[in-house]
Amino acid sequence: MKVIEKIHSLQEGKVVFSFEFFPPKTEDGVDNLFERMDRMVAHNPSFCDITWGAGGSTADLTLDIANKMQNIISVETMMHLTCTNMPVEKIDHALQTIKSNGIQNVLALRGDPPHGQDKFVQVEGGFSCALDLVKHIRSKYGDYFGITVAGYPEAHPDAIGNDGVATPEAYQNDLAYLKRKVDAGADLIVTQLFYDTDIFLKFVNDCRQIGINCPIVPGIMPINNYKGFLRMTGFCKTKIPAEITAALEAIKDNEEAVKAYGVHLGTEMCRKILAHGIKTLHLYTLNMEKSALAILMNLGLIEESKISRSLPWRRPANVFRFKEDVRPIFWSNRPKSYITRTIVWDQFPHGRWGDSRNPSYGALTDHQFMRPRARDKKLQEEWATPLKSIDDIQEKFKSYCLGKLRSSPWSELDSLQPETKIIHEQLGKINLKGFLTINSQPAVNGERSDSPSVGKYKC
Ligand code: FAD
């Protein structure tokens with residue numbers, strides 16, 4: 001679904017929030033990011049972003065992460081896309097890829113120059129600015145994508161002079177250009193980070209004055225670390241109000257105190273913004289969890305104890321599959337990877353288990369997401385043990401069925417589901433006879449669908 005549609009369908013008075021992540025540098029970092037995202041998404045953000053590395057440096061990884069966010073984590077995903085080093089064929093490859101993965105949201109950007117260069121250079125066959133990119137997306141993909149663009153409450157850093165502010169004329173030019181991006185088809189604006197809330201509120205007002213009517217989502221970056229804060233605000237030429245400088249000066253060597261202040265400041269900024277009738281908040285998480293969640297908790301937008309979902313698995317975010325609310329029972333131990341594993345199957349169950357010469361016969365494509373499980377400590381302890389005979393293998397399967405092992409390479413769940421207890425002894429015997437089981441279903445009749453043991457997971 002497009003983020004703009006979600007925002008427009010908001011109930012009166014309801015506030016929504018979103019999280020932004022960036023592609024980590026190492027494989028372990030990527031694995032851990034998915035785990036973190038999974039926990040954060042349990043709080044129901046309206047969408048999550050993944051950034052496009054400077055100069056297109058993370059193109060493949062960003063595409064891969066975006067796909068998994070949409071189809072494994074099952075969160076509405078907005079992928080950033082920049083023009084730096086991107087001829088139109090590469091732009092289209094990225095857009096086609098996310099389209100085929102059921103993603104409908106793009107943040108269209110010009111991009112910063114790659115490392116080591118100080119000026120943006122239009123690549124041959126590419127675009128010179130975000131406006132061109134927005135026009136291209138609308139002309140080639142019609143209404144399929146929801147398009148977001150960047151807005152700068154203090155004007156784009158290039159327009160900010162040595163005195164730290166943009167001239168009124170430069171500021172007005174920047175606003176006029178932002179309006180052109182919206183008129184060309186952008187339907188949402190997410191802003192650059194800021195620490196002076198009055199500047200943001202004035203920016204919203206100025207946008208409205210010149211006819212920019214779409215939602216303007218404030219980008220909030222909690223301060224996590226003093227040096228990082230100075231680096232980021234220096235790079236973006238962000239104004240830092242005197243009281244923030246003074247407060248940080250006193251605690252800058254105490255990382256915990258800086259974090260706590262960052263949560264306090266972020267909370268107060270958001271409170272003021274919400275009090276002015278703005279109902280959307282975008283949190284630049286820098287791939288960190290605690291400060292963003294603490295701010296949302298302080299605002300009463302999330303509660304640790306109230307993580308709920310309407311189905312036993314997270315509702316699919318993929319635009320082609322979001323209506324699915326039934327799953328084959330023998331997939332119940334794959335609540336996360338079900339969508340991504342079946343994404344390229346055009347017929348079910350024919351696609352995977354049928355004739356391998358059939359063009360719809362699919363290959364497994366989620367090996368990367370499985371890697372963290374292969375490194376799972378419990379799984380290693382329980383399953384990566386020396387096996388001397390076939391009997392040892394049978395014994396291992398039997399132990400799992402009897403509940404003596406908690407993990408299984410074939411399941412994402414922690415131990416067996418309660419219904420398996422009904423037949424676990426029979427399963428143990430079957431495994432000892434050499435029929436190694438990885439799934440089962442007890443015969444039950446007339447049980448209520450809210451039965452805790454056999455009804456809970458069926459819809
Ligand atoms: P544009 O909208 O093209 O504008 C850049 C500047 O040029 C503005 O000052 C604008 O006024 C001026 N300008 C451009 N064309 C015209 C024109 N025809 N007429 C008049 N003025 C013009 N960078 C990344 O590399 N990856 C990311 O994932 C990423 N995510 C971001 C997310 C957000 C919310 C924001 C605010 C920034 C992000 N950036 C990212 C940084 C962004 O790429 C840089 O700020 C970049 O310098 C400008 O991108 P833009 O899309 O705002 O550019």
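**Exercise 1. Work out how strand 2 is placed in its sheet.**

*Solution.* Begin with burial: strand 2 (residues 47-50) is covered on both faces, with F47 and D49 buried on one side and C48 and I50 buried on the other. Here buried means under 20% relative accessible area, exposed means over 50%, and partly exposed lies in between, using a 1.4 Å probe and protein chains only. Helices (H or I, at least four residues) and strands (E, at least two) are DSSP runs, numbered from the N terminus.

A word on the model before the next step: it is predicted, so local features need pLDDT of at least 70, side-chain atom pairs count only at pLDDT 80 or more, and totals for chains, interfaces and linings use all residues. Residues are numbered from 1 along each chain as its sequence is written, and side-chain values use heavy atoms, leaving out hydrogens and water.

Next, look for the neighbours. Strand 1 (residues 16-21) pairs with strand 2 in the parallel sense over 4 bridges; two strands pair if DSSP finds at least two bridges between them. S18 has F47 of strand 2 as its bridge partner. Strand 3 (residues 77-82) also runs parallel to strand 2, joined by 3 bridges, and its M79 stands opposite I50.

Finally, follow the connections. The chain passes from strand 2 through helix 3 (residues 59-73) to strand 3 in a right-handed β-α-β crossover. Strand 1, helix 2 (residues 27-41) and strand 2 also form a right-handed β-α-β unit. Right-handed means that, with the strands pointing away from the viewer, the path from the first strand over the helix to the second runs clockwise.

**Exercise 2. Describe the surroundings of D38.**

*Solution.* First place the residue: D38 is found in helix 2. Then check its accessibility: at a relative accessible area of 17%, D38 is buried. Last, list its contacts (heavy atoms within 4.5 Å): leaving aside residues up to four places away in sequence, D38 touches I73, R314 and K336.

**Exercise 3. Check the length of helix 5 and find what it packs against.**

*Solution.* Start with the span. Helix 5 (residues 130-141) has 12 residues, which at 1.5 Å a residue should span 16 Å, and its end C-alpha atoms are indeed 16 Å apart. The expected span is 1.5 Å times one less than the number of residues.

Now the burial: A130, L131, L133, V134, H136, I137, R138 and Y141 of helix 5 are buried. These buried residues pack against strand 3, helix 4 (88-100), strand 4 (105-109), strand 5 (146-151) and helix 6 (168-183). To finish, step past the helix end, where G142 follows with a positive phi near 55°.

**Exercise 4. Find two residues other than glycine with positive phi and compare their settings.**

*Solution.* Take N287, whose phi is about 65°. N287 sits in the loop between strand 8 (280-284) and helix 11 (290-298), and its 11% relative accessibility makes it buried.

Then take S415, with phi near 75°. S415 belongs to the loop between helix 16 (390-401) and helix 17 (424-432); at 21% relative accessibility, S415 counts as partly exposed.

**Exercise 5. Analyse the interface of domains 2 and 3.**

*Solution.* Set the bounds first: domain 1 (3-306), domain 2 (329-368) and domain 3 (376-458), as given by an automatic or database domain assignment. The contact takes 8 residues from domain 2 and 10 residues from domain 3.

Next comes the area: domains 2 and 3 bury about 770 Å² between them, 43% of it on carbon and sulfur atoms. Buried area is the accessible area (1.4 Å probe) that two parts lose on being put together, summed over both. On the domain 2 side, I329, N333 and R334 supply 65% of the area buried against domain 3, more than any other three residues.
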